[in-house]
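Work through the exercises below with the model open beside you. Each task sentence is followed by a stepwise solution.

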Amino acid sequence: MSAGTQFAAAAGAVVALPARLVEPVMYGLQRLLGIRRMPWVFLLPNLVAVILFALLPVFINVFYSVSGSDRLFPWDRPLVGGANYATLFDCDNFLDPSTCSRDLFWRALGNSLVFVPVQVTAMILIALLTAICLNRDIRARGFFRGIFFFPVMLSPVVVALTWQWILQRNGALNGLISSAGLTPVNWLVFPNTAFFWSVFVTVWAHMGFYTIILLAGLQAIPRDVYEAARMDSATPWRVFTRITLPLLKPVLLVVFILAVIRSVQTFDELYVLTGGGPGSATMLMVQYIFEVGFASQPRNFGLAAAASLLLGVALLIFTGIQMRISRSGRDD
Amino acid sequence: QEIRLLAGDTGTGGALFEEMAKSFEEANPGVDVVVEEVSYQTIVESLPVQLEAGEGPDIAIITDLGGLSRFYLDITDYVDADYFEKEWGQTLAWLRGGRDTDAIFGMPTTLTVNGAYVNLTLFEQAGVPVPEEGATWQEWAEATRQVAEATGTDFAMEMDRSGHRFASLAISYGAELVDEEGKPVVDDGLRAAIEQFVEWHENGTMPMDLWGAVGGSTHRELFSDFLNANVVLYFGGSWTLAQMDTEVGDLFDWAVMPAPCGPSSCTVMPGGGAMTAFAHTEHPELAGKLINHFAQPENLDFYISNEVEIPSAASQIANGVEYPDASERTKEALATFTAQIPKMADAAYRFQGWRYQRAMMNALTTRISQVLNNELDVDGALERIEEDVNLAIEAAEGQS
Amino acid sequence: MTEASMTKTDMSVSAFLMRRRGRGRFHWTDGLTYAYLLLGLVVMFVPVLWVVVSSFKTPANLAEFPPTILPFSAETAVVEGFDEPLPLFDVVGEDGETVRLAQIRRVGIQAQMIDPADPEAGRIVVPVENATPVRRVYLAFENYTNLLASSGNQIWRYVFNSLFITVVATVITLVMNSMAAFALSKYRFRGSNVALVSILATLMIPATVVLVPTYMIVAQLGLVGNLWGVILPTVATPTGVFLLRQYMLTIPDELIEAARMDHASEWRIFWRIILPLSSPALAVVAIFSILSRWNDFLLPLVVLNRRESYTLQLALASFQTEYGIQYEILLAMTTLTALPLACAFIFLQRYITTGIASTGIK
Amino acid sequence: MASLTLDKVTKSFGAVEVIPGVDLDIKDGEFVVFVGPSGCGKSTLLRLIAGLEDVSDGDIRIEGDSVVSIPAADRGVAMVFQSYALYPHMTVRENLSFGLENIRMAKPEITRRVTEAATLLQIEQLLERRPKQLSGGQRQRVAIGRAITRDPKIFLFDEPLSNLDAELRVMMRVEITKLHERLGNTMIYVTHDQIEAMTMADKIVVLRKGVIEQVGAPLDLYNHPRNLFVAGFIGSPRMNFVEGRIEALGEHTITFAADGLPPLVLDGAVEGAATGAPVTLGVRPEDFLVSHAAEKGWPATVSIAEQYGASSYLHCTLPGDRPVLIHEPGQSKAGRGDVIHVAPPAGRWHLFDAEGLALGNPRLS
Amino acid sequence: MASLTLDKVTKSFGAVEVIPGVDLDIKDGEFVVFVGPSGCGKSTLLRLIAGLEDVSDGDIRIEGDSVVSIPAADRGVAMVFQSYALYPHMTVRENLSFGLENIRMAKPEITRRVTEAATLLQIEQLLERRPKQLSGGQRQRVAIGRAITRDPKIFLFDEPLSNLDAELRVMMRVEITKLHERLGNTMIYVTHDQIEAMTMADKIVVLRKGVIEQVGAPLDLYNHPRNLFVAGFIGSPRMNFVEGRIEALGEHTITFAADGLPPLVLDGAVEGAATGAPVTLGVRPEDFLVSHAAEKGWPATVSIAEQYGASSYLHCTLPGDRPVLIHEPGQSKAGRGDVIHVAPPAGRWHLFDAEGLALGNPRLS
Ligand SMILES: Nc1ncnc2c1ncn2[C@@H]1O[C@H](COP(=O)(O)OP(=O)(O)OP(=O)(O)O)[C@@H](O)[C@H]1O
Ligand SMILES: Nc1ncnc2c1ncn2[C@@H]1O[C@H](COP(=O)(O)OP(=O)(O)OP(=O)(O)O)[C@@H](O)[C@H]1O
Ligand SMILES: [Mg+2]
Ligand SMILES: [Mg+2]
């Protein structure tokens, strides 16, 4: 808290001067518009940024998805209607990606459909376990917290390079294995092991974030409820299932939604680590979009935009359902 | 008046151009040539988008010669067109990206050549004779396999995960890749090359690490394997020479081999950079003149010899260039690389100058990796390569 | 204080670990906890440590398999008649005795060696398998100096750019997000829900996917190659607004009413009351903003097209080019870019947890 | 220092009418206490006066001038919030001076006022502390100090003592009373607490569901509640009520009967009483005369005898399972299960008709 | 239903000794109340008994068996927490049955016990609600119900009523007393509240800084405090203290003098009093006899007269600026500024020596 205040003081110093200039302006606005309209004044900068750099790009993407050519500016692009969507959905049999014109899109979708549940489940389980351990009365709690949070700070590129460096044929892991007398495995060459490591590395990199949130949630559970449970002869396991989990539910929900959204958006780490390989075993949706719309030449903005919109709609529906479920759960 | 020139940050490129630009600035008072070194990734990935948006430098040294064609400034009027035609007739066509025009869009700076590096020491230890010039890919595979077996080396051959590298093999096997109309060609040559390639991966001649383990269009290389003598033959590019020279040291003897032959030809892919001005520049004349300045023979020699690169100008290739600072082995290697230039197949040149070359190369890497991982069979891969490229063309032309 | 430290020194390590903070006996679950945490320590930290250690290895040492744990380099000796120092080898002779020789040149499976103690004795030809290099622990700081040098000593420029982007974007993020959060938490007005939802919905847009349109907008604003072109698109973070709003909801409305009765204008209420009171949440948002700005890659890659506007991350990436990966420099660079964050983290980790706890995500 | 008039003030939140219409006159310098059950609109009324809410209809006048369209800051009123609403990140001094800085008062004048207020409230030595470092009572004082520095015409207090513990509450109560005597401003004070209302007010306003039930001096309300609600609400512990009917009317007596209870003859007379009318008899716990032996009055069985030391409360049951609470001064000798006989003395009872309105005024004194 | 013995129980948190050593015997079925100032270790003691904290040294015996190494759940005690500590996500029924399910009690037996407890506490109709949907008093009842279902030998309450408002507190207090009478279990109850301690306890334990100051029945403590601390702590409002000396010792009188005050002759005698000894005189507010006219006793100037209706408190000042609080039953006629004369009647005063220990027992009765 005190450092929080110090921090605020430091930040305050940086912006003190501009703030002094802003104050009369804002006061004038308040005079002009009245208090009732002031919230809009406060919202305005953020809203402008959101509209300009988040919503507008989405709308441009919508336009891209119904237009063709590799031109950047919408006015240079001829309309092609639903052609991009038609291309994406050009399949003989939706269950078999290799019958599709854009088989990679469907493979990426399929991979995401496996990757996201597996990764999110692993992530939440491990983060929860870690948070519970860190919430106990243990020595060096701050140190361990630091350890688990540390990877969150590394850039995705660094994370991927680090693990690539460790997992490569002549990497540290194989060094360890061969010095233990076992046969080294070329981890990133086999679809299954590569998939495992994709999950592992992304969990490794992000779980600290969720651990901290869950930890905060755990700490918000009143101590005396646990003491009451102790007096009620509850075993540790029952305390966990009947007290901790239910009381953590709201936080778990936030964590779940965030984890799913970010899992679906996984890109940087895997792009560097596996490049989506072997074959297309770890290519996820965002990488597909990136490859089609950005990494390839000529860039097929239209197809990429169409794919990304489908992804966005899917996420939106998912979150909507989640919210609905959680709300109904809270009402009873 | 400021002219911005963008150069990749490899080698000493930027600094050399800055030096050469000095005399130009003296001759044209008030002109300021700003040379910026950027990462190679910027040149490949973000420069095109910038150009789309009408942004970017006045001049850049680019490697996607055909793909960016429509952003180039026609500098015919500012340069000695005949001289350019004479020196770079072939490569100038690449810059036109298949357009039917005689315009001059820039000056090819360096030439790069794909090629195979071979660990001679391993050959010596295995007691296997090094295949002569004119040996086929299969002979090379056989020989390196023997060496690998005899010396306990991990792998016989490796190739960068790059469509450009693979194209060398493919064209040697008779693949056309692109026809005169600029349409993709998927023929038996390509099929044979892919089948051959898959076989090598299946029988362990090549490791899965590169082509097998990576997906999509990602570029990947494992040159460290060669440096550590984990592989007998490494198929990479001429630009790795400097690294070879410093890092291998006297660990083993190595050499660059002449292009292995396929059933059709003994070709490798050419490549290289070109200096082009862009149409959006505010000082077209200055930009053109600056390029012309760099194109003067003394500047060319200065640049090539300091950069230790393969020259691109016909006269330089013919006369040779002095590399005062390079080691013996490097000079030897450069000579071998240069010697490949005349042997290169037409298809290689055509492919290099094709606007949709990158689409084809991406399709090659993506699809071949899928074949290696049993996601596709060879027929399926061929079908898809054609489909991918056609879709790219359609999309680019806005009619999909 | 002294008493506490004395009792601490009295305790053996195991007692130190076994004793839980404060009260209570050692329970089997504590054993499990420590086992898990130690495993976590290995999995989470050792890879990073490995990278740091590796960044001090020479290229030759890096390429070795199996890798050595510590950075080694070959021992060399200056031998008369040779300009360069020569690497030393322990050579097992035919009689089974080991002598230490300096290698002049190696050709394939044989090496020419010379006895450094007795250069006059002439060259000795030795089969390579009989020679093992003499090595010592050596920290290859030259990886770092080379890195600085190869960047043309522009590294400080990159550091400045990264810092500038990080600091400015974070400050703007904090001010803008908290203004929005203030409006969305402390006023009842029509449209507040729409505004909130539309801000939060942007959470679902992967940055990669809208890269191209975003770039186009930046270009239209004339900000290509400008650090502001990276700063502005990133300042309106939905999570920032969300966290700050959740926190501000817990600040009692009465404070605002009291301030209003105290003649404070709305801006003054925001600036003097709400903002200082939100500092725990601001700290959290700041930390995440700093992390993501510092590590940002794709957008800077497209927007920052001039080398002088490069960030550290872009510089890092430029060492991994089509012309080969220089692992030693890459690793050094990795260590260098992660280092400032590590330092920042050591100071801030406590506030992250308490801050998040106090924002009351529920 | 000002008079305040509420003129048909109404307030609705959406469709809910919280204050259906209040008329009230408060004279200059009066200490007025609003009491009423939770949710009756006390705070709302106070906030309407402060200007923190807008009136739906009606008029509020301070010194005769309508203030309904004047913003809160300019009405010349100061409010002390239940939670104090001190700015947690500012020192006491900053808390006191923030409002003055906002109107760009000259620095020396600010210092003067802050010092004055601090001296008055004896918080000079706390000026550099933060609210967190203060005890509840000290915070309370700072909150009042903040109001004082603004030199308001009217002070508004919204349950200012409810967060303090019993002992502190007594102390602060006395201090606020003293403060009022010293400053002489008009003060309006909202509370739940019986004792506060009784001891501090010049005038108590009893509210129910946004309607004023009775206005008057504390002992007036205590002794002469206008209706059942006020009778039950004012006084703690509350008045005992027994429902029954008037059995007979004597000249100076009334005989009250209820099922199962022996008829009780009440000394005193009230207007409007009629034989046979259903009425409610109200007797305050301290008004019951207890006889431990003599069989006079109602028999009450002691179920719990609470000994406070200084006095005793007997929780008893009358026949018919009617609970009744009796207050005996000193340490009672009655124990659980004892039967005592109780009856109110002359005039120390209240009768209410079927509508709950008090029947005249029985008190003889 | 069990006896409890604390035998030299000590407790330290790290280097801080919170309970330096407590010996206490609690008999089967007793209702014992722990009181003491905040931070004196009441909760800690309770938690030691519950088994939520481990004793640093000493022994705790329930029915003669040491329980220090028995986990909380198996000691046969149940605790009602100040914050109730209800499981917020479970219904009332689940809250009540959770502990029973944990020990794998048979379903029908659980239902029986829950129903029984719910009936006892009149919360049957709340069984399907969540704690959030309950009022404070209802939550309190559920918390007690949870303790009841476990059928413990000893009930522990840690300030169970402190979160309730005054009225509810009175009600719940009575209910807990009734509950104790019905169940007859041993109960230990921690509170801050004077009234609760006085009215509920069979035996009050007064703690200060982890040390027992006095143990005894409520009125014993009230009438015969062993020292200044207990005298000041028990009783609300607290006893008035005046420091002075013994000027003269009569046979049945003691003359007490203090600077600036007329000497006061106290009827009654105490052992251990010596002429000239510095003593503190303690008189409870209700023990002062007030004469509005006669000049007998100390002159006290009324600064505030608080009228509660049923009684009045006069805040007065004795000469020498000594504040003194006087309780007058009924509605006092004294007003601000009046001078009244006050003196304690025979035996209704306390003398403490310089160490603060009570001098014998002055009470005549
Ligand atoms: N902002 C609001 N919106 C809707 N209803 C409100 C609002 N504020 C108060 N109310 C309602 O108005 C009524 C009166 O509330 P008010 O706070 O004035 O009661 P109160 O007498 O102060 O109660 P308490 O003694 O509990 O503080 C309540 O029923 C409350 O629910
Ligand atoms: N877990 C703990 N660690 C360290 N000190 C503690 C702990 N629990 C209590 N204390 C200290 O022990 C002392 C007694 O605390 P305890 O809670 O028993 O007091 P209490 O009498 O219940 O006070 P209150 O009436 O305020 O509840 C206090 O000084 C407290 O600070
Ligand atoms: Mg209120
Ligand atoms: Mg306590």
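## Exercise 1: the shell of ligand 2

Task: list the residues around ligand 2, then describe their contacts and classes.

Solution.

Step 1. Around ligand 2 lie Phe13(E), Val18(E), Ser38(E), Gly39(E), Cys40(E), Gly41(E), Lys42(E), Ser43(E), Thr44(E), Glu159(E) and His192(E). A residue counts as near a molecule if one of its heavy atoms lies within 4 Å of it.

Step 2. Note the ground rules. This is a predicted model, where local features need pLDDT of at least 70 and side-chain atom pairs count only at pLDDT 80 or more, while totals for chains, interfaces and linings use all residues. Residues are numbered from 1 along each chain as its sequence is written, chains are lettered from A and ligands numbered from 1 in the order in which they are written, and side-chain values use heavy atoms, with hydrogens and water left out.

Step 3. Look for polar contacts (a pair of N or O atoms within 3.5 Å; within protein, one must be able to donate a hydrogen and the other to accept it, and residues adjacent in sequence count only if both atoms are side-chain atoms). A polar side-chain atom of Ser38(E) is 2.5 Å from an oxygen atom of ligand 2. For the side chain of Lys42(E), an N or O atom is 2.7 Å from a ligand 2 oxygen. For Glu159(E), the distance from a polar side-chain atom to an oxygen atom of ligand 2 is 3.3 Å.

Step 4. Get the cover. On its own, ligand 2 has 630 Å² of accessible area, and the protein covers 59% of that. Accessible areas come from the Shrake-Rupley method with a 1.4 Å probe; for residues, only the protein chains shown count as cover.

Step 5. Assign the shell. Helix α1 (residues 42–50) of chain E supplies the largest share, three residues. Helices (H or I, at least four residues) and strands (E, at least two) are DSSP runs, numbered from the N terminus. By class, the shell has three nonpolar, six polar and two charged residues. Here Ala, Val, Leu, Ile, Met, Phe, Trp, Tyr, Cys and Pro count as nonpolar, Asp, Glu, Lys and Arg as charged, and the others, Gly among them, as polar.

## Exercise 2: the shell of ligand 1

Task: find which residues surround ligand 1 and give their polar contacts.

Solution.

Step 1. The shell consists of Phe13(D), Val18(D), Ser38(D), Gly39(D), Cys40(D), Gly41(D), Lys42(D), Ser43(D), Thr44(D), Glu159(D) and His192(D).

Step 2. Read the distances from ligand 1 oxygen atoms to side-chain N or O atoms. Thr44(D) gives 2.4 Å. Lys42(D) gives 2.7 Å. Glu159(D) gives 3.3 Å. Taken alone, ligand 1 exposes 630 Å², and the protein buries 60% of that.

Step 3. Helix α1 (residues 42–50) of chain D gives the most to this shell, with three residues. The classes are three nonpolar, six polar and two charged.

## Exercise 3: salt bridges

Task: count the salt bridges over all chains and place some of them.

Solution.

Step 1. The total is 72. A salt bridge is a side-chain nitrogen of Lys or Arg within 4 Å of a carboxyl oxygen of Asp or Glu.

Step 2. Asp30(C) and Arg136(A) form one, at 2.7 Å from N to O. This pair crosses between chains: Asp30(C) is in helix α3 (residues 28–54) of chain C, and Arg136(A) is in the loop between α4 (103–134) and α5 (141–149) of chain A. Asp30(C) is buried at 0% relative accessible area, whereas Arg136(A) is partly exposed at 22%. Buried means under 20% relative accessible area, exposed over 50%, partly exposed in between (1.4 Å probe, protein chains only).

Step 3. Asp253(C) and Lys186(C) form another, at 3.0 Å from N to O. Helix α11 (residues 253–261) of chain C holds Asp253(C), helix α6 (residues 155–186) of chain C holds Lys186(C), and the two are 67 residues apart. Asp253(C) is partly exposed at 46%; Lys186(C) is buried at 12%.

Step 4. Arg47(E) pairs with Glu53(E), with 3.2 Å between the closest N and O atoms. Both are buried.

## Exercise 4: a helix of chain B

Task: why is helix α11 (residues 284–294) of chain B largely enclosed by the rest of the structure?

Solution. Count its buried residues. Eight of the eleven are buried, so the helix is largely enclosed. Among them are Leu286(B), Leu290(B) and Phe294(B).
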